[in-house]
Amino acid sequence: MRVQKITLREIHLPLVEPFETSFDTTTLRRILLIEADVEGVTGWGESTAGENPYYSYETVETAWHILRDYLWPLLKGREFSNADEVFDLCARVRGHNMAKAGLEIAIWDAEAKLKGVPLAKLLGGTREEISCGVSIGIQPTIEQLIAKVEKELAAGYQRIKIKIKPGWDVEPVRALRERFPRIRLMVDANSIYTFADTAHLKQLDAFYLIMIEQPLGCDDLYSHVELQRQLDTPICLDECIHDIEHARAAIETRACGIINIKLGRVGGHAAARRIHDLCQSKSIPVWCGGMLESGIGRAHNIAMSTLPNFSLPGDVSASRRYWQADIIQPEVEVSSQGTILVPEAPGIGYTPCIDRIESLTCRREVLE
Ligand code: OSB
Ligand code: MG
């Protein structure tokens with residue numbers, strides 16, 4: 001197969017409510033969508049690069065630049081046998097996994113459509129439905145946090161994750177545990193602590209959390225090894241894991257017991273699947289992280305989450321938690337059991353709303 005042309009576009013979508021983490025507050029998403037025209041069909045991808053270089057060094061601007069000036073020139077006119085080869089074809093570009101992923105996943109969607117199969121099946125997925133959790137941003141008060149958690153549990157979500165930062169960590173967790181003694185609960189620090197905070201973080205062991213996600217530095221694998229030695233709660237790594245070598249190092253050094261896989265952070269479906277397979281062979285469970293995606297990125301997350309070692313609920317939740325109206329039809333819905341039914345239509349299985357996407361587009365560039 002060969003990619004005839006790609007279209008980059010930026011759309012702006014306001015979140016239904018601000019999302020606060022230890023590194024930023026997001027109210028409006030700038031989303032980079034990539035269409036790949038392959039042998040007469042169009043595949044859709046989304047780069048999860050952010051508005052600012054705070055979660056990772058990538059932004060919408062850097063991803064656009066890398067896609068236009070480096071990745072498209074590598075792929076243009078190139079013959080390859082399937083989407084699984086695209087990540088390796090882009091290997092000369094170091095890093096920039098969110099740019100790579102946006103393009104690579106669009107080609108996977110196109111390949112699945114060409115073959116008339118759901119993307120989940122093409123990836124080797126085995127689940128008909130996936131388990132969902134929610135990620136709840138930092139709240140103004142503990143009362144508001146409790147109300148949020150109550151609402152998400154009532155909606156059926158199977159696991160609650162809250163964002164933490166210094167000054168918003170032990171107390172909100174204590175309050176949630178008092179109110180909800182039995183729920184599956186976890187926290188995500190987004191790299192805000194250091195090893196010097198070990199005694200403070202150790203207090204979280206009292207609340208039988210299912211995991212603590214990325215407490216320490218985004219590149220600091222060794223401190224996670226030392227912290228994990230002192231914590232009973234399993235550490236889950238997010239920011240630290242960009243490729244299979246990081247995953248291998250984290251597993252072999254026991255820096256973590258669980259890995260969060262995000263398509264953007266690792267460079268697409270092929271890279272995600274390799275990490276998934278490695279983790280499975282080492283009995284390390286994985287789950288699918290979220291990046292406040294539009295329906296396009298969300299649909300890809302659903303397909304990936306059907307692989308067998310995605311055995312913990314992910315941060316993949318209903319469209320309505322993020323957007324007044326999503327850019328796909330149907331929107332992503334979550335059952336009262338906290339599950340998403342995997343679509344059976346070819347490709348990502350949801351239809352992009354072209355008119356709505358056009359009306360939200362603030363820039364567009366066609367490369368051929
Ligand atoms: O660390 O998982 C994270 C959102 C933006 C950047 C990083 C993270 C997140 C989330 C949101 O936790 C998950 C979601 O999409 O609901
Ligand atoms: Mg995280």
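## Two helices that cross

The axes of helix 1 and helix 3 (residues 97–115) come within 9 Å of each other and cross at roughly 55 degrees. Helix 1 is therefore oblique to helix 3. The crossing of helix 1 past helix 3 is right-handed. These values, like the others in this report, come from a predicted model.

## The magnesium site

Three residues coordinate the magnesium ion (ligand 2): Asp 188 (OD), Glu 213 (OE) and Asp 238 (OD). They do so at 2.1 to 2.3 Å. Along the chain, these donors follow the spacing D-x24-E-x24-D.

Two of the donors, Glu 213 and Asp 238, link distant parts of the chain. Glu 213 sits in strand 8 (residues 211–213). Asp 238 sits in the loop between strand 9 (235–237) and helix 9 (244–252). The two residues are 25 apart in sequence. Glu 213 and Asp 238 are both buried.

## Aromatic pairs

A pair of aromatic rings is described by the distance of the centres and the angle of the planes. The model has two aromatic pairs.

One is formed by Phe 23 and Tyr 55. Their ring centres are 6.2 Å apart, and the planes meet at 45 degrees, a tilted arrangement. Phe 23 lies in the loop between strand 1 (3–20) and strand 2 (25–38). Tyr 55 lies in the loop between strand 3 (41–47) and helix 1 (60–75). The pair therefore ties together parts that are 32 residues apart in sequence. Phe 23 is partly exposed, with a relative accessible area of 30%. Tyr 55 has a relative accessible area of 12%, so this residue is buried, the cut-off being under 20%.

Tyr 322 and Trp 323 form a tilted pair, because their planes stand at 35 degrees, with the ring centres 6.1 Å apart. Tyr 322 is buried, at 10% relative accessible area. Trp 323 is buried too, with a relative accessibility of 2%.

## Charges over rings

Which ring lies under the charged end of Arg 298? That ring belongs to Tyr 322, and the charged end sits 3.9 Å from its centre. Tyr 322 thus appears in two contacts: the tilted pair with Trp 323 and the charge of Arg 298 over its ring.

Arg 159 is placed over the face of Trp 287. Here the distance to the ring centre is 5.1 Å.

Technical notes:
Residues numbered from 1 in each chain as written. Chains lettered and ligands numbered in written order. Predicted model: local features only at pLDDT ≥ 70, side-chain atom pairs only at ≥ 80, totals over all residues. Heavy atoms only, no water. Donors = N, O, S within 2.8 Å, 3.2 Å for Na, K, Ca; no water. Helix = DSSP H or I, 4+ residues; strand = E, 2+ residues; numbered from the N terminus. Buried < 20%, exposed > 50% of the residue type's maximum accessible area, 1.4 Å probe, protein only. Phe/Tyr/Trp six-rings, centres within 6.5 Å; stacked < 30°, edge-to-face > 60°. Lys NZ or Arg CZ within 6 Å of the ring centre and 35° of its normal. Axes fitted to C-alpha atoms, helices over the stretch in contact; angles between N-to-C directions. Parallel < 35°, antiparallel > 145°, perpendicular 65-115°, else oblique. Left-handed = near helix turned anticlockwise from the far one by under 90°.
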